[in-house]
Amino acid sequence: MIPLSSPISSLPRVSPAYQKRLAKLGIKTLRDLFFHFPRRYNNFSKITKIRDLRAGTIATIQGQIIKIDNIRTWKKRMTITQAYVQDATASIRIVWFNQPYLTKSLKINDLINISGKVNLDKDLYFSNPAYEKITGQLRHTGRIVPVYPETTGLSSRYLRYIIQLYLPEAKQIKEWLPESVKRSQRLISLDTAILQVHFPSSLKNANQARQRLAFEELFLLQVFALDQKFQRLKEQAQPVPFNKSLITDFIAKLSFQLTPAQKGAAWEIFQDLAKDRPMNRLLEGDVGSGKTIVAAMAALENIKAGNQTVFMAPTEILAKQHFNTLKKLLNDFNIKIGLITSSEKTTNGQTEKKESKSSFIAHNSDLIIGTQALIQKGVSFKKLTLAIVDEQHRFGVAQRAALQKNIAVSPDGLPQKIPHLLSMTATPIPRSLALTLYGDLDLSLLNEMPKGRQKIITRLVPPEKRTAAYNFIRQQILSGRQVFVVCPRIEISERSLETNSLLPAAEIKAAKEEYEKLSTKIFPEAKVALLHGKIKSKEKEKIMSDFSNGKIDILVATSVIEVGIDIPNATIMMVEGAERFGLAQLHQLRGRVGRGEHQSYCLLFTDSNSEPAQKRLKIMATCSDGFRLAEYDLRLRGPGEFFGTSQSGLPDMPLGPLINLIMVKQARDEAAKILKQDPELKDYSLLKEKLKKFQENIHME
Ligand code: ADP
Ligand code: MG
């Protein structure tokens with residue numbers, strides 16, 4: 001027996017090179033290996049007779065190799081391995097590219113399975129199919145075959161090999177779900193689920209396994225959230241009494257009137273702050289609905305009561321923008337504002353270089369703005385009583401919990417207090433879902449826009465109107481405006497059956513091509529820049545500030561890029577492959593324009609004629625209400641797609657698509673039942689252990 005906690009490096013048959021690659025996927029122990037789930041399956045379980053093969057289908061054949069050779073093609077500098085495989089009915093040609101080593105293991109007369117797409121040239125043939133010599137257990141062909149999340153140099157083929165080799169050890173995995181939960185949810189046991197998720201005996205079994213594994217993640221998350229809530233209700237926080245004259249003064253100095261929604265949300269926050277229990281409130285409001293002002297009022301009130309406030313944003317660019325905005329907003333109130341990001345530490349304009357200065361800033365500022373660098377170890381505060389987190393969905397459940405816990409303060413030897421927490425998000429999460437997912441949060445909604453906001457004109461651009469759209473963009477640039485171009489999302493399902501190509505790489509390639517095309521062919525006269533995830537953060541900032549200063553006309557970006565900053569002069573948001581985005585995401589992108597005085601446009605390019613896609617995109621053109629779009633998206637695509645799983649704290653990608661609202665609710669109900677009946681989890685030692693590990697992981701992040 002090999003213990004589940006054994007490091008991968010201790011396993012026979014895993015070379016150091018592979019250890020490194022496995023580590024890249026987060027696989028460090030035997031247990032991790034078992035919990036690396038397939039993202040999907042190829043159903044290669046049916047064997048077709050060669051005579052019955054049809055072009056264009058995916059099929060598996062079984063036969064004998066009757067010929068196999070390597071052919072060098074000098075012109076293309078490739079080696080082609082060509083084989084013929086014969087069964088009782090006929091024979092067929094197989095070609096593999098650039099895998100000359102195949103002839104070392106595949107020999108004439110070997111019995112072999114071939115799975116893949118049947119192509120037609122002059123005759124039928126397989127090109128780069130999966131193959132497997134038939135010796136013992138099948139793993140790559142002739143069955144339901146798992147396809148895993150991969151990384152460079154680490155294929156599903158290798159993962160299947162190594163996982164199958166050690167899978168018998170999965171028997172040791174202990175069940176930790178309470179028996180009552182398993183029974184009422186009709187879930188299979190954990191060890192069976194692990195076996196069946198990797199090498200399922202049927203698609204039905206694979207599905208049952210995935211249900212079980214998805215449920216347990218949700219269940220643990222809900223136990224965690226409810227437990228947090230119960231704990232929080234026992235904690236102490238610093239009460240901040242409502243300061244009417246201060247807030248009236250602040251509002252009087254604004255150049256505009258607050259919306260009723262802003263007033264309402266602020267009032268809810270002030271009431272929370274006045275309590276001696278920590279606030280945990282989510283402020284939800286569409287892009288441009290004015291969340292910053294509301295947050296600024298909370299910060300101001302807290303600071304003027306003699307306390308410190310932190311304000312955390314997901315990126316440096318956003319943190320800096322907030323720094324500048326808040327400096328202006330709070331200019332008349334004599335407040336010391338500091339900025340802490342990993343590359344910059346500033347107090348009121350003076351840049352501090354040394355890392356140790358973070359603590360200096362944290363101690364000597366009233367308002368500390370920054371990125372995650374804020375909650376890193378070693379940064380301590382004097383009297384921190386309010387933490388504000390912008391774009392909270394970008395941080396994940398874990399980091400948010402860490403924020404509130406890690407920066408707990410004990411001023412002047414008093415009992416430890418927990419800061420009030422205000423989270424903000426522009427992802428319009430429908431109320432029903434928010435309450436289910438973040439059940440330990442209270443919710444304030446900014447469901448109206450400030451008056452006088454112009455409507456952004458949204459148009460669906462079919463292929464034949466592309467040239468006209470480019471001409472329109474050209475005119476906008478000529479009159480001094482700026483343009484965002486967002487490249488299509490590359491879906492995982494588009495990856496070919498057995499490749500190693502990685503998602504971000506494909507997306508970056510697409511963006512580079514778009515950039516080339518726009519800068520040389522379509523708009524050679526314009527200044528075009530490219531922004532994607534692989535660009536260093538210094539350079540990114542330079543590009544963003546050039547764009548902000550009008551030195552760039554067109555900014556081409558991947559869909560993953562942070563464009564969450566204010567460029568009032570940008571009037572066009574052009575999205576390629578728009579059908580691949582969720583409506584909520586498109587709405588977010590659209591919110592990047594229309595922030596200034598000029599009429600703005602959102603141009604959605606699509607080549608898709610599919611009716612559902614057209615219908616969805618047409619809704620974008622008529623509806624400008626983020627909440628309605630989100631509801632629609634949720635009904636259509638489920639919460640996994642809606643959030644992008646990693647952002648929501650929902651289970652990771654491979655199981656994400658399974659999750660639906662009903663499952664979230666069931667997990668929550670089961671968790672509540674267990675905790676109600678046994679708050680200390682005395683009778684559920686394995687669950688308790690699991691929860692403890694989960695909490696530890698959170699604190700390590
Ligand atoms: P978001 O909710 O997207 O974070 P911001 O707080 O950045 O929105 O506000 C967007 C813009 O709207 C800012 O320039 C802000 O000054 C302005 N704004 C906020 N509230 C109002 C209001 N009540 N009336 C007019 N403009 C407002
Ligand atoms: Mg904002």
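Helices (H or I, at least four residues) and strands (E, at least two) are DSSP runs, numbered from the N terminus. The model is predicted, so that local features need pLDDT of at least 70 and side-chain atom pairs count only at pLDDT 80 or more, while totals for chains, interfaces and linings use all residues. Residues are numbered from 1 along each chain as its sequence is written, and side-chain values use heavy atoms, with hydrogens and water left out.

**View 1. A salt bridge within helix α8 joins Lys-253 and Asp-249.** The two side chains meet at 3.1 Å, N to O, where a salt bridge is a side-chain nitrogen of Lys or Arg within 4 Å of a carboxyl oxygen of Asp or Glu. Both residues belong to α8 (residues 244-253) and stand four residues apart, about one turn of the helix. Lys-253 counts as partly exposed because its relative accessibility is 44%; buried means under 20% relative accessible area, exposed over 50%, and partly exposed in between (1.4 Å probe, protein chains only).

**View 2. Lys-673 and Glu-670 form a salt bridge in helix α22.** Their closest N and O atoms are 3.6 Å apart, and the two residues lie three residues apart in α22 (residues 661-677), about one turn of the helix. Glu-670 is buried, since its relative accessible area is 6%.

**View 3. Asp-110 occupies the loop between α3 (102-105) and β5 (111-120).** With a relative accessible area of 17%, Asp-110 is buried. Leaving aside neighbours within four places in sequence, Asp-110 is in contact (heavy atoms within 4.5 Å) with Gly-63, Gln-64, Ile-65, Ser-105 and Lys-133.

Key. Chains lettered and ligands numbered in written order.
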